[in-house]
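Here are a few exercises to work through with the model open beside you. Try each task before reading its solution.

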Amino acid sequence: EIHVKEPIEKEVYPHLLPGELLLCEASTVYKYIQEDGSNRGTYGKLVCTNFKIAFLDDNSASDDNEPQFENKIVGENDITLQCVDQIYGVYDEKKKLLTGQLRKYPEKLIIYCKDLRVFHFCLRYTKEEEVKRIVSGIVHHSQTPKLLKRLFLFSYASAAPNNRDGRNQTVMFETLEDWRGELERTKGNAKYKAVTTNEGYRVSEKLPLYFVVPICVSEESIFKYEGRGIPIWCWSCHNGAALLKMSAFPKEQDDSSSQMQKAFLDGIYKTISKPPYELLKTDDLSSSLPSLQDIQTAYTKFKQLFLIDNSTDFWATDVKWFSLLESTNWLEIIRRVLKKAIEVVECLERQHTNVLLIEESATDLCCVISSLVQVMMDSYSRTKSGFQSLIQKEWVIGGHGFLDRCNHLHRSDKEEAPVFLLLLNCVWQLVQQYPPAFEFTETYLTVLSDSLYVPIFSTFFFNSKHQKDT
(Lines give C-alpha, C1' and ligand atoms only; values in the text may rest on other atoms or scores of the structure.)
Protein backbone atom coordinates (compact mmCIF):
# COMPACT_ATOMS: atom_id res chain seq x y z
CA GLU A 1 0.00 0.00 0.00
CA ILE A 2 1.44 3.35 -0.98
CA HIS A 3 0.32 6.35 1.04
CA VAL A 4 0.02 9.09 -1.48
CA LYS A 5 1.21 12.23 0.15
CA GLU A 6 0.01 15.19 -1.85
CA PRO A 7 3.16 16.55 -3.50
CA ILE A 8 3.93 20.13 -2.58
CA GLU A 9 3.81 22.17 -5.74
CA LYS A 10 7.16 23.84 -5.37
CA GLU A 11 8.81 24.63 -8.69
CA VAL A 12 12.16 22.94 -9.00
CA TYR A 13 14.32 23.73 -12.00
CA PRO A 14 17.08 21.56 -13.36
CA HIS A 15 20.59 22.96 -13.26
CA LEU A 16 21.54 23.31 -16.94
CA LEU A 17 25.05 23.49 -18.37
CA PRO A 18 26.04 25.77 -21.27
CA GLY A 19 24.47 24.32 -24.44
CA GLU A 20 22.11 22.06 -22.46
CA LEU A 21 18.43 22.19 -23.49
CA LEU A 22 15.39 20.85 -21.70
CA LEU A 23 13.66 18.41 -24.08
CA CYS A 24 10.77 16.98 -22.04
CA GLU A 25 9.57 16.69 -18.45
CA ALA A 26 6.95 14.96 -16.32
CA SER A 27 5.78 15.96 -12.87
CA THR A 28 4.40 13.83 -10.00
CA VAL A 29 6.85 11.03 -10.73
CA TYR A 30 7.51 8.75 -7.76
CA LYS A 31 11.12 7.58 -7.31
CA TYR A 32 11.55 4.48 -5.16
CA ILE A 33 14.28 4.35 -2.57
CA GLN A 34 15.67 1.05 -3.54
CA GLU A 35 17.31 -0.38 -0.45
CA ASP A 36 14.41 -2.56 0.66
CA GLY A 37 11.17 -4.11 -0.56
CA SER A 38 8.99 -1.38 0.92
CA ASN A 39 7.62 1.12 -1.53
CA ARG A 40 9.13 4.15 0.12
CA GLY A 41 10.28 6.98 -2.06
CA THR A 42 9.82 10.62 -3.00
CA TYR A 43 7.80 12.59 -5.50
CA GLY A 44 9.41 14.88 -7.97
CA LYS A 45 9.85 15.87 -11.54
CA LEU A 46 11.61 13.71 -14.13
CA VAL A 47 13.31 15.69 -16.89
CA CYS A 48 15.27 14.79 -19.99
CA THR A 49 17.74 17.18 -21.61
CA ASN A 50 20.17 16.74 -24.52
CA PHE A 51 22.78 15.81 -21.87
CA LYS A 52 21.09 13.89 -19.07
CA ILE A 53 18.03 12.43 -17.40
CA ALA A 54 17.49 14.05 -14.00
CA PHE A 55 15.07 13.52 -11.13
CA LEU A 56 14.31 16.67 -9.14
CA ASP A 57 12.54 16.32 -5.81
CA ASP A 58 11.76 18.97 -3.19
CA ASN A 59 15.09 18.24 -1.52
CA SER A 60 17.05 18.91 -4.70
CA ALA A 61 17.36 22.55 -3.77
CA SER A 62 18.40 22.15 -0.13
CA ASP A 63 20.24 19.04 0.93
CA ASP A 64 21.21 18.83 4.59
CA ASN A 65 23.02 15.51 4.50
CA GLU A 66 25.53 16.49 1.83
CA PRO A 67 27.28 13.52 0.24
CA GLN A 68 30.92 13.23 1.15
CA PHE A 69 32.09 13.49 -2.46
CA GLU A 70 30.17 15.55 -4.93
CA ASN A 71 30.59 15.60 -8.67
CA LYS A 72 30.47 19.17 -9.98
CA ILE A 73 28.75 18.15 -13.20
CA VAL A 74 26.35 15.33 -12.40
CA GLY A 75 24.34 14.99 -9.20
CA GLU A 76 23.25 11.80 -7.45
CA ASN A 77 19.93 11.72 -9.29
CA ASP A 78 21.38 12.54 -12.70
CA ILE A 79 22.07 9.99 -15.43
CA THR A 80 23.92 11.22 -18.52
CA LEU A 81 22.37 9.89 -21.73
CA GLN A 82 25.67 8.12 -22.46
CA CYS A 83 25.49 6.32 -19.12
CA VAL A 84 22.13 4.65 -19.76
CA ASP A 85 22.65 0.95 -20.36
CA GLN A 86 19.13 -0.46 -20.70
CA ILE A 87 15.60 0.76 -20.00
CA TYR A 88 12.76 -1.51 -18.88
CA GLY A 89 9.08 -0.75 -18.57
CA VAL A 90 6.85 -2.58 -16.13
CA TYR A 91 3.37 -3.50 -17.43
CA ASP A 92 1.11 -5.32 -14.91
CA GLU A 93 4.15 -6.53 -12.94
CA LYS A 94 5.87 -7.80 -16.13
CA LYS A 95 9.22 -6.33 -17.15
CA LYS A 96 9.83 -5.50 -20.81
CA LEU A 97 12.90 -4.02 -22.52
CA LEU A 98 12.05 -0.67 -24.13
CA THR A 99 13.48 0.23 -27.54
CA GLY A 100 12.22 2.19 -30.53
CA GLN A 101 8.57 3.18 -30.90
CA LEU A 102 6.21 2.28 -28.05
CA ARG A 103 2.54 1.37 -28.51
CA LYS A 104 1.69 1.21 -24.85
CA TYR A 105 3.27 3.17 -22.04
CA PRO A 106 4.52 1.49 -18.84
CA GLU A 107 3.41 2.27 -15.29
CA LYS A 108 6.98 1.91 -14.01
CA LEU A 109 10.33 2.74 -15.55
CA ILE A 110 13.54 0.95 -14.55
CA ILE A 111 16.80 2.47 -15.80
CA TYR A 112 20.00 0.41 -15.63
CA CYS A 113 23.15 2.55 -15.82
CA LYS A 114 26.61 1.69 -17.09
CA ASP A 115 28.05 2.69 -13.71
CA LEU A 116 25.90 -0.09 -12.17
CA ARG A 117 23.25 2.17 -10.61
CA VAL A 118 19.58 1.19 -10.97
CA PHE A 119 16.74 3.76 -10.86
CA HIS A 120 13.04 2.94 -10.37
CA PHE A 121 10.39 5.48 -11.29
CA CYS A 122 6.65 5.00 -10.84
CA LEU A 123 4.50 6.85 -13.41
CA ARG A 124 1.07 5.89 -12.07
CA TYR A 125 0.28 9.37 -10.76
CA THR A 126 1.64 11.23 -13.77
CA LYS A 127 -0.62 12.67 -16.47
CA GLU A 128 -0.87 10.36 -19.46
CA GLU A 129 0.35 12.99 -21.93
CA GLU A 130 3.46 13.61 -19.82
CA VAL A 131 4.16 9.88 -19.47
CA LYS A 132 4.12 9.48 -23.26
CA ARG A 133 6.42 12.43 -23.74
CA ILE A 134 8.97 11.56 -21.05
CA VAL A 135 9.16 7.80 -21.78
CA SER A 136 9.50 8.15 -25.54
CA GLY A 137 11.90 11.08 -25.04
CA ILE A 138 14.18 9.11 -22.70
CA VAL A 139 14.14 5.98 -24.89
CA HIS A 140 14.77 7.94 -28.08
CA HIS A 141 17.60 10.12 -26.78
CA SER A 142 19.48 7.41 -24.92
CA GLN A 143 18.94 4.27 -27.01
CA THR A 144 18.74 5.10 -30.71
CA PRO A 145 21.81 5.31 -32.98
CA LYS A 146 23.01 8.87 -33.38
CA LEU A 147 25.49 10.91 -35.36
CA LEU A 148 28.77 11.93 -33.78
CA LYS A 149 27.84 15.61 -34.21
CA ARG A 150 24.76 15.00 -32.05
CA LEU A 151 26.84 14.19 -28.97
CA PHE A 152 26.40 16.79 -26.25
CA LEU A 153 30.08 17.74 -26.25
CA PHE A 154 29.59 19.68 -29.52
CA SER A 155 26.71 21.77 -28.08
CA TYR A 156 28.72 22.29 -24.91
CA ALA A 157 31.92 23.27 -26.71
CA SER A 158 30.18 25.92 -28.81
CA ALA A 159 28.32 27.40 -25.81
CA ALA A 160 30.85 27.15 -23.00
CA PRO A 161 33.48 29.83 -22.49
CA ASN A 162 36.81 28.40 -23.56
CA ASN A 163 39.12 28.84 -20.60
CA ARG A 164 42.19 26.75 -21.20
CA ASP A 165 43.73 26.40 -17.77
CA GLY A 166 47.43 27.09 -17.97
CA ARG A 167 48.20 25.05 -14.87
CA ASN A 168 47.54 21.76 -16.60
CA GLN A 169 50.56 19.57 -15.93
CA THR A 170 49.31 16.72 -18.09
CA VAL A 171 51.67 16.24 -21.02
CA MET A 172 49.40 16.07 -24.08
CA PHE A 173 51.85 14.46 -26.55
CA GLU A 174 50.49 16.61 -29.35
CA THR A 175 53.86 18.15 -30.28
CA LEU A 176 57.29 16.84 -31.21
CA GLU A 177 58.71 18.54 -28.11
CA ASP A 178 56.43 16.50 -25.81
CA TRP A 179 57.78 13.25 -27.27
CA ARG A 180 61.38 14.45 -27.12
CA GLY A 181 60.82 15.43 -23.50
CA GLU A 182 59.52 11.94 -22.71
CA LEU A 183 62.54 10.35 -24.45
CA GLU A 184 64.81 12.54 -22.36
CA ARG A 185 62.96 11.77 -19.13
CA THR A 186 63.29 8.02 -19.66
CA LYS A 187 66.80 8.32 -21.17
CA GLY A 188 65.62 6.60 -24.32
CA ASN A 189 67.09 9.15 -26.75
CA ALA A 190 70.26 7.18 -27.50
CA LYS A 191 68.40 4.52 -29.51
CA TYR A 192 65.06 6.12 -30.41
CA LYS A 193 63.94 9.19 -32.34
CA ALA A 194 60.72 11.17 -32.60
CA VAL A 195 59.49 11.38 -36.21
CA THR A 196 57.31 13.85 -38.10
CA THR A 197 56.56 11.44 -40.97
CA ASN A 198 52.81 11.50 -40.26
CA GLU A 199 52.36 15.28 -40.24
CA GLY A 200 49.08 16.07 -41.98
CA TYR A 201 48.22 12.36 -41.56
CA ARG A 202 50.20 11.57 -44.73
CA VAL A 203 50.97 7.99 -43.67
CA SER A 204 47.88 6.91 -41.77
CA GLU A 205 44.85 8.37 -40.04
CA LYS A 206 45.20 5.77 -37.30
CA LEU A 207 48.65 6.93 -36.21
CA PRO A 208 49.31 10.09 -34.18
CA LEU A 209 50.98 13.07 -35.85
CA TYR A 210 54.20 12.44 -33.93
CA PHE A 211 55.56 9.25 -32.44
CA VAL A 212 58.86 7.58 -31.57
CA VAL A 213 60.57 4.75 -33.45
CA PRO A 214 63.99 3.01 -33.27
CA ILE A 215 66.70 5.16 -34.91
CA CYS A 216 67.24 2.55 -37.64
CA VAL A 217 63.66 2.76 -38.98
CA SER A 218 63.54 4.81 -42.18
CA GLU A 219 60.78 7.18 -43.29
CA GLU A 220 60.36 5.13 -46.49
CA SER A 221 59.43 1.98 -44.61
CA ILE A 222 56.92 3.87 -42.42
CA PHE A 223 55.30 5.14 -45.64
CA LYS A 224 55.56 1.83 -47.44
CA TYR A 225 53.71 -0.20 -44.83
CA GLU A 226 51.41 2.66 -43.64
CA GLY A 227 52.77 2.31 -40.13
CA ARG A 228 52.05 -1.43 -39.84
CA GLY A 229 54.96 -3.62 -38.82
CA ILE A 230 56.76 -0.56 -37.43
CA PRO A 231 57.81 -0.89 -33.77
CA ILE A 232 56.56 2.19 -31.94
CA TRP A 233 58.33 3.12 -28.72
CA CYS A 234 56.29 3.31 -25.49
CA TRP A 235 58.83 3.65 -22.70
CA SER A 236 62.46 2.98 -21.72
CA CYS A 237 63.66 1.31 -18.53
CA HIS A 238 66.62 2.74 -16.52
CA ASN A 239 68.85 -0.06 -17.86
CA GLY A 240 68.18 0.84 -21.50
CA ALA A 241 65.69 -1.94 -22.29
CA ALA A 242 62.59 -0.58 -23.99
CA LEU A 243 58.92 -1.40 -24.31
CA LEU A 244 57.60 -1.19 -27.88
CA LYS A 245 54.33 -1.94 -29.61
CA MET A 246 53.46 -2.78 -33.18
CA SER A 247 50.34 -3.27 -35.26
CA ALA A 248 50.51 -6.59 -37.09
CA PHE A 249 50.45 -7.09 -40.84
CA PRO A 250 47.11 -8.36 -42.17
CA LYS A 251 46.87 -12.17 -42.09
CA GLU A 252 45.37 -12.93 -45.53
CA GLN A 253 47.90 -11.96 -48.18
CA ASP A 254 49.64 -13.30 -51.23
CA ASP A 255 53.01 -14.97 -50.76
CA SER A 256 55.29 -12.38 -52.26
CA SER A 257 54.10 -9.49 -50.10
CA SER A 258 54.11 -11.61 -46.94
CA GLN A 259 57.69 -12.74 -47.72
CA MET A 260 58.74 -9.13 -48.21
CA GLN A 261 57.11 -8.20 -44.92
CA LYS A 262 58.79 -11.12 -43.17
CA ALA A 263 62.19 -10.02 -44.47
CA PHE A 264 61.46 -6.45 -43.40
CA LEU A 265 60.44 -7.58 -39.88
CA ASP A 266 63.54 -9.76 -39.53
CA GLY A 267 65.66 -6.75 -40.37
CA ILE A 268 63.82 -4.65 -37.79
CA TYR A 269 64.14 -7.33 -35.09
CA LYS A 270 67.88 -7.64 -35.73
CA THR A 271 68.46 -3.92 -35.24
CA ILE A 272 66.50 -3.82 -31.97
CA SER A 273 68.16 -6.96 -30.61
CA LYS A 274 71.72 -6.11 -29.53
CA PRO A 275 73.38 -8.93 -27.59
CA PRO A 276 74.99 -8.85 -25.07
CA TYR A 277 73.21 -5.61 -24.10
CA GLU A 278 69.57 -6.16 -24.94
CA LEU A 279 67.73 -8.97 -26.62
CA LEU A 280 64.26 -8.75 -28.09
CA LYS A 281 61.20 -10.66 -26.98
CA THR A 282 58.05 -10.38 -29.12
CA ASP A 283 54.67 -11.09 -27.58
CA ASP A 284 51.58 -11.45 -29.74
CA LEU A 285 48.84 -10.36 -27.34
CA SER A 286 46.01 -11.60 -29.54
CA SER A 287 47.15 -15.16 -28.89
CA SER A 288 48.43 -14.82 -25.32
CA LEU A 289 45.50 -12.86 -23.81
CA PRO A 290 41.69 -13.20 -23.98
CA SER A 291 40.05 -11.70 -27.07
CA LEU A 292 38.00 -8.51 -26.91
CA GLN A 293 34.89 -10.64 -27.36
CA ASP A 294 35.81 -12.75 -24.30
CA ILE A 295 36.37 -9.57 -22.31
CA GLN A 296 33.00 -8.14 -23.36
CA THR A 297 31.17 -11.43 -22.59
CA ALA A 298 32.78 -11.70 -19.16
CA TYR A 299 31.97 -8.09 -18.31
CA THR A 300 28.34 -8.47 -19.43
CA LYS A 301 27.94 -11.44 -17.06
CA PHE A 302 29.76 -9.55 -14.30
CA LYS A 303 27.42 -6.57 -14.72
CA GLN A 304 24.34 -8.75 -14.31
CA LEU A 305 25.39 -9.51 -10.72
CA PHE A 306 24.98 -5.84 -9.82
CA LEU A 307 22.01 -4.80 -11.92
CA ILE A 308 19.51 -6.40 -9.56
CA ASP A 309 16.23 -4.59 -9.14
CA ASN A 310 14.39 -6.53 -6.43
CA SER A 311 15.14 -8.13 -3.09
CA THR A 312 14.07 -11.64 -4.18
CA ASP A 313 16.77 -11.74 -6.85
CA PHE A 314 19.21 -10.20 -4.44
CA TRP A 315 18.82 -12.94 -1.83
CA ALA A 316 18.77 -15.65 -4.50
CA THR A 317 22.17 -14.53 -5.84
CA ASP A 318 23.58 -13.76 -2.40
CA VAL A 319 23.82 -17.45 -1.46
CA LYS A 320 26.03 -18.32 -4.41
CA TRP A 321 27.69 -14.93 -4.73
CA PHE A 322 31.32 -16.07 -4.93
CA SER A 323 30.71 -18.91 -7.37
CA LEU A 324 28.60 -16.60 -9.56
CA LEU A 325 31.34 -13.99 -9.46
CA GLU A 326 33.94 -16.56 -10.43
CA SER A 327 31.84 -17.97 -13.26
CA THR A 328 31.69 -14.53 -14.94
CA ASN A 329 35.44 -14.90 -15.64
CA TRP A 330 35.97 -11.14 -15.23
CA LEU A 331 38.38 -11.51 -12.29
CA GLU A 332 40.23 -14.29 -14.12
CA ILE A 333 40.79 -11.87 -17.04
CA ILE A 334 42.12 -9.23 -14.63
CA ARG A 335 44.46 -11.84 -13.15
CA ARG A 336 45.75 -12.86 -16.59
CA VAL A 337 46.32 -9.26 -17.64
CA LEU A 338 48.24 -8.45 -14.44
CA LYS A 339 50.27 -11.63 -14.82
CA LYS A 340 51.20 -10.67 -18.39
CA ALA A 341 52.26 -7.18 -17.24
CA ILE A 342 54.50 -8.74 -14.58
CA GLU A 343 56.12 -11.02 -17.21
CA VAL A 344 56.96 -7.95 -19.29
CA VAL A 345 58.38 -6.16 -16.23
CA GLU A 346 60.62 -9.16 -15.50
CA CYS A 347 61.97 -9.13 -19.06
CA LEU A 348 62.77 -5.42 -18.99
CA GLU A 349 64.11 -5.24 -15.46
CA ARG A 350 65.87 -8.55 -14.85
CA GLN A 351 66.71 -9.87 -18.30
CA HIS A 352 67.57 -6.56 -19.98
CA THR A 353 65.33 -7.61 -22.86
CA ASN A 354 63.42 -5.25 -25.14
CA VAL A 355 59.77 -6.25 -25.31
CA LEU A 356 57.70 -5.76 -28.46
CA LEU A 357 53.93 -6.12 -27.95
CA ILE A 358 52.04 -7.08 -31.11
CA GLU A 359 48.33 -6.77 -31.73
CA GLU A 360 46.17 -6.32 -34.82
CA SER A 361 45.92 -2.54 -34.51
CA ALA A 362 47.99 -2.13 -31.30
CA THR A 363 45.24 0.02 -29.77
CA ASP A 364 43.49 -2.27 -27.28
CA LEU A 365 45.39 -4.82 -25.18
CA CYS A 366 48.68 -3.12 -26.11
CA CYS A 367 47.37 0.00 -24.33
CA VAL A 368 46.41 -2.02 -21.24
CA ILE A 369 49.71 -3.90 -20.91
CA SER A 370 52.01 -0.98 -21.74
CA SER A 371 50.13 1.27 -19.28
CA LEU A 372 50.32 -1.33 -16.50
CA VAL A 373 54.04 -1.91 -17.07
CA GLN A 374 54.69 1.82 -16.77
CA VAL A 375 52.53 2.12 -13.64
CA MET A 376 54.50 -0.75 -12.09
CA MET A 377 57.97 0.46 -13.10
CA ASP A 378 57.82 4.25 -13.32
CA SER A 379 56.92 6.19 -10.18
CA TYR A 380 55.98 9.25 -12.29
CA SER A 381 53.05 7.23 -13.70
CA ARG A 382 51.70 6.82 -10.17
CA THR A 383 51.34 10.57 -9.62
CA LYS A 384 48.09 12.15 -10.70
CA SER A 385 49.54 14.23 -13.53
CA GLY A 386 51.83 11.37 -14.57
CA PHE A 387 48.94 8.91 -14.76
CA GLN A 388 46.92 11.38 -16.83
CA SER A 389 49.87 11.90 -19.16
CA LEU A 390 50.20 8.13 -19.46
CA ILE A 391 46.55 7.78 -20.50
CA GLN A 392 46.95 10.65 -22.94
CA LYS A 393 50.08 9.03 -24.44
CA GLU A 394 49.02 5.39 -24.62
CA TRP A 395 45.24 5.69 -25.09
CA VAL A 396 44.17 9.04 -26.50
CA ILE A 397 47.12 9.75 -28.80
CA GLY A 398 47.79 6.02 -29.14
CA GLY A 399 44.45 5.74 -30.94
CA HIS A 400 42.29 3.60 -28.66
CA GLY A 401 38.79 3.58 -30.23
CA PHE A 402 36.81 5.01 -27.29
CA LEU A 403 33.83 5.84 -29.50
CA ASP A 404 33.44 2.22 -30.68
CA ARG A 405 34.57 0.43 -27.52
CA CYS A 406 32.12 2.40 -25.33
CA ASN A 407 29.48 2.25 -28.08
CA HIS A 408 28.71 5.95 -27.52
CA LEU A 409 26.69 6.23 -30.72
CA HIS A 410 24.75 2.94 -30.31
CA ARG A 411 25.83 1.99 -33.82
CA SER A 412 27.18 -1.52 -33.36
CA ASP A 413 27.41 -3.77 -30.34
CA LYS A 414 30.04 -5.88 -32.12
CA GLU A 415 32.81 -3.36 -31.46
CA GLU A 416 31.93 -2.79 -27.81
CA ALA A 417 34.43 -3.93 -25.13
CA PRO A 418 35.33 -2.41 -21.73
CA VAL A 419 39.07 -2.23 -22.44
CA PHE A 420 39.74 1.04 -20.59
CA LEU A 421 37.68 -0.15 -17.63
CA LEU A 422 39.84 -3.26 -17.58
CA LEU A 423 42.93 -1.06 -17.15
CA LEU A 424 41.30 0.93 -14.33
CA ASN A 425 40.29 -2.33 -12.65
CA CYS A 426 43.87 -3.64 -12.81
CA VAL A 427 45.26 -0.34 -11.48
CA TRP A 428 42.70 -0.52 -8.66
CA GLN A 429 44.15 -3.92 -7.68
CA LEU A 430 47.60 -2.32 -7.47
CA VAL A 431 46.29 0.67 -5.48
CA GLN A 432 44.68 -1.79 -3.03
CA GLN A 433 47.96 -3.63 -2.55
CA TYR A 434 50.32 -0.63 -2.42
CA PRO A 435 48.34 2.47 -1.38
CA PRO A 436 51.43 4.54 -0.40
CA ALA A 437 52.95 4.04 -3.87
CA PHE A 438 50.17 6.08 -5.51
CA GLU A 439 49.31 9.76 -5.41
CA PHE A 440 45.64 8.90 -6.04
CA THR A 441 43.00 6.64 -4.52
CA GLU A 442 40.10 4.57 -5.77
CA THR A 443 37.93 7.71 -5.73
CA TYR A 444 40.06 9.18 -8.50
CA LEU A 445 39.81 5.95 -10.52
CA THR A 446 36.03 5.92 -10.04
CA VAL A 447 35.66 9.52 -11.21
CA LEU A 448 37.86 8.66 -14.19
CA SER A 449 35.67 5.70 -15.12
CA ASP A 450 32.55 7.89 -14.74
CA SER A 451 34.09 10.44 -17.12
CA LEU A 452 33.81 7.88 -19.93
CA TYR A 453 30.10 8.66 -19.96
CA VAL A 454 30.14 12.42 -19.37
CA PRO A 455 30.17 13.92 -22.87
CA ILE A 456 31.73 17.23 -21.89
CA PHE A 457 35.37 16.28 -22.05
CA SER A 458 36.42 15.30 -25.53
CA THR A 459 39.07 12.92 -24.15
CA PHE A 460 37.00 9.72 -24.22
CA PHE A 461 34.71 10.32 -27.20
CA PHE A 462 36.79 9.75 -30.31
CA ASN A 463 38.43 6.80 -32.05
CA SER A 464 41.63 8.60 -32.98
CA LYS A 465 43.45 11.91 -32.90
CA HIS A 466 42.59 12.30 -36.59
CA GLN A 467 38.87 11.92 -35.94
CA LYS A 468 39.04 14.43 -33.09
CA ASP A 469 40.95 16.94 -35.24
CA THR A 470 38.52 16.70 -38.15
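The exercises below deal with sheets, the helices packed on them, and nonpolar cores in this predicted model.

**Exercise 1. Trace the eight-stranded sheet: in what order do the strands lie, and which strands are at the edges?**

Step 1. Follow the pairing across the sheet, and you should read S4-S3-S2-S1-S8-S7-S5-S6. The sheet is open, with antiparallel pairing.

Step 2. Look for strands that pair on one side only: these are S4 (78–80) and S6 (94–97).

Step 3. Take one pair in detail. S1 (residues 22–32) and S2 (residues 41–49) run antiparallel and share eight bridges. Within this pair, Ala26 of S1 is found opposite Leu46 in S2.

Step 4. Check the twist: on average, neighbouring strands here are turned by 30 degrees against each other, direction ignored.

**Exercise 2. Find which strands of this sheet helix H1 touches, and its angle to S1.**

Step 1. Locate H1 at residues 128–143, where the helix packs on the sheet.

Step 2. List its contacts: S1, S2, S3 (52–57), S5 (84–91) and S7 (108–113).

Step 3. Compare directions; H1 makes about 110 degrees with S1.

**Exercise 3. Now do the same for the four-stranded sheet: what is its strand order, and what kind of pairing does it have?**

Step 1. The order is S11-S12-S14-S13, in an open sheet whose pairing is mixed.

Step 2. S11 (232–236) and S13 (279–284) are the edge strands, each pairing on one side only. From one strand to the next, the twist averages 20 degrees.

Step 3. For a parallel example, pick S13 and S14 (residues 353–359), which are joined over six bridges. Here Lys281 sits opposite Val355 in S14.

Step 4. Add helix H11 (residues 365–377): this helix lies across S11, S12 (242–247) and S14, and runs at about 150 degrees to S14.

**Exercise 4. Explore the largest nonpolar core: how many residues does it have, and which touch the most other members?**

Step 1. The core holds 94 residues, and Leu372, Phe387 and Phe420 touch the most other members.

Step 2. Ask where its members come from. Domain 1 (22–59 + 71–147) and domain 2 (176–304 + 321–469) each supply at least three residues.

Step 3. Zoom in on Leu372. Setting aside neighbours within four places in sequence, Leu372 contacts Val337, Leu338, Ala341, Leu423, Cys426, Val427 and Leu430.

Step 4. Finish with the separate core of 33 residues, whose members include Leu183, Tyr225, Trp233 and Ile397.

Definitions and conventions:
Residues are numbered from 1 along each chain as its sequence is written. This is a predicted model: local features need pLDDT of at least 70, side-chain atom pairs count only at pLDDT 80 or more; totals for chains, interfaces and linings use all residues. Side-chain values use heavy atoms; hydrogens and water are left out. Two strands pair if DSSP finds at least two bridges between them. Helices (H or I, at least four residues) and strands (E, at least two) are DSSP runs, numbered from the N terminus. Axes are lines fitted to C-alpha atoms, for helices over the stretch in contact, and angles run from 0 to 180 degrees between N-to-C directions. Contact means heavy atoms within 4.5 Å. A nonpolar core is a set of buried Ala, Val, Leu, Ile, Met, Phe, Trp, Tyr and Cys residues joined through side-chain atoms within 4.5 Å. Buried means under 20% relative accessible area, exposed over 50%, partly exposed in between (1.4 Å probe, protein chains only). Domain bounds come from an automatic or database domain assignment.
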